[in-house]
Amino acid sequence: MESLNVWITGVYEAGPVIGGLAALGSLVAISLGAQTLSFVYKSFIRPGKDLKKLGKWAVITGATDGIGKAYAMALAKKGMNIVLVSRTEAKLMDVKSEIQGKYNGIEVQHVVCDYSNFDKAAQDKVQKSLEGLEIGILINNVGVSYRYPQFFHELTDDEVRALLMMNIDSTVWMTRIVLPGMLDRKKGAIINISSGSALYTLPLLAEYSGAKSFIEKFSRALNAEYSAKGVTCQCQVPFYVATKLAKMRKSLTVPTPSEFAAMGVRWIGYADALVQPFWLHGLQAWVMFQLPEVVIAKGIMAMHLAIRKKGLKKDAKIAEDAMNKTK
Ligand SMILES: NC(=O)c1ccc[n+]([C@@H]2O[C@H](COP(=O)([O-])OP(=O)(O)OC[C@H]3O[C@@H](n4cnc5c(N)ncnc54)[C@H](OP(=O)(O)O)[C@@H]3O)[C@@H](O)[C@H]2O)c1
């Protein structure tokens, strides 16, 4: 009897705590439910914007392959004229023909630019090529990662410099080039392609992860600065997409570039600052966020060490073959 009394007193005293926990649990459930509904609505139900209303032209960097080319095709399909910017002229001409063969009446221009050396002269050249065009959309897509995961000190100075130029300078200076025109017309959308690698601690891809984190923060702040002036800035965050850069084949969680871009264009022009257009990437990110950071970092370190081992082996073989040739 006495123990029953103790139990009842305990429950009575713990009442407010249990009540508090139940209320907290309900709040978490409501918040999760609202987030899920919002994600489903925005990914599948909300209609895409009429992109031609933003301006006649879309500029895409790194536009001859992968996600950039897929975006060029998707935006041409929406009736936008396209400026392709990339480093290989022959590939630019091929993509230009492909777009014009597929979409009647779409104008396509191209600019040759090597973003691994995007200095003042290169910036001026791009700026001059874009003069007089009513640019409604800029897709800052060009970017590069490591050849394979490595410790930061193992990279060459040239690799370190090119990675900063390709991922950060390209985005910052292309934005400076198109933004004034967009502000004059009070409309425009800037899409910056970041990476899932910006979301977590990513040992052995430190500089890439850091550069893509810059893209996220830069985009968020610009969106807050300019969306009230009619210009949105959105950071789109892919996980793996089946491209040359990723060296991955298509699978359930690895979309083709066309599948990614088809979902990506649905978000253009909305003031959502950070988005994962491919919905399974959003789900993957959510699951990973539930795990402790230390677990993620250790898991990624182990995975990257294994890939690095294969990369080093491949490099050693290339060096050996080159030596044998010179003998
Ligand atoms: N694929 C993924 O899984 C993944 C995941 C997360 C984030 N991302 C990001 O998505 C973006 C696009 O990646 P992707 O996988 O589509 O790459 P990709 O298939 O390798 O295509 C790269 C494009 O950029 C161009 N390019 C390469 N180096 C250049 C340079 N120095 N100057 C000018 N253009 C250059 C290439 O042109 P050329 O044909 O002339 O080489 C090509 O058009 C990158 O910012 C990347 O970080 C990709």
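## Exercises: a ligand shell and a central strand

By class, the residues around the ligand split into 14 nonpolar, eleven polar and six charged. Keep in mind that this is a predicted model.

**Exercise 1.** Work out which residues come closest to the ligand, and which polar contacts the ligand makes.

*Solution.*
- Start with the shell: 31 residues surround the ligand, and the closest are Thr-64, Thr-88, Lys-91, Tyr-208 and Thr-243.
- Next, look for N and O pairs within 3.5 Å. Thr-243 puts a polar side-chain atom 2.5 Å from a ligand oxygen.
- Asn-141 works through its backbone instead, with a polar atom 2.7 Å from an oxygen of the ligand.
- On the Asp-114 side chain, an N or O atom sits 2.8 Å from a ligand nitrogen.
- Now check the cover: of the 900 Å² of accessible area the ligand has on its own, the protein covers 92%.
- Finally, trace the helices: H2 (66-77) and H6 (206-226) each give the shell at least two residues.

**Exercise 2.** Decide whether strand E5 (residues 188-193) is largely enclosed or open, and find its neighbours.

*Solution.*
- Buried means under 20% relative accessible area. Six of the six E5 residues are buried, so the strand is largely enclosed by the rest of the structure.
- Check each face: Gly-188, Ile-190 and Asn-192 are buried on one side, and Ala-189, Ile-191 and Ile-193 on the other.
- Then take the pairings. E4 (residues 135-140) runs parallel to E5, joined by four bridges, while E6 (residues 231-236) pairs with E5 in parallel over six.
- Use Ala-189 as a marker: Ile-137 stands opposite this residue, and in E6 its bridge partner is Thr-232.
- Last, follow the connections: E4, H5 (residues 157-185) and E5 form a right-handed β-α-β unit, and E5, H6 and E6 make a right-handed one too.

Methods. Residues are numbered from 1 along each chain as its sequence is written. This is a predicted model: local features need pLDDT of at least 70, side-chain atom pairs count only at pLDDT 80 or more; totals for chains, interfaces and linings use all residues. Side-chain values use heavy atoms; hydrogens and water are left out. A residue is near a molecule or strand if one of its heavy atoms lies within 4 Å of it. A polar contact is a pair of N or O atoms within 3.5 Å; within protein, one must be able to donate a hydrogen and the other to accept it, and residues adjacent in sequence count only if both atoms are side-chain atoms. Accessible areas come from the Shrake-Rupley method with a 1.4 Å probe; for residues, only the protein chains shown count as cover. Ala, Val, Leu, Ile, Met, Phe, Trp, Tyr, Cys and Pro count as nonpolar, Asp, Glu, Lys and Arg as charged, and the others, Gly among them, as polar. Buried means under 20% relative accessible area, exposed over 50%, partly exposed in between (1.4 Å probe, protein chains only). Two strands pair if DSSP finds at least two bridges between them. A crossover is right-handed if, with the strands pointing away from the viewer, the path from the first strand over the helix to the second runs clockwise.
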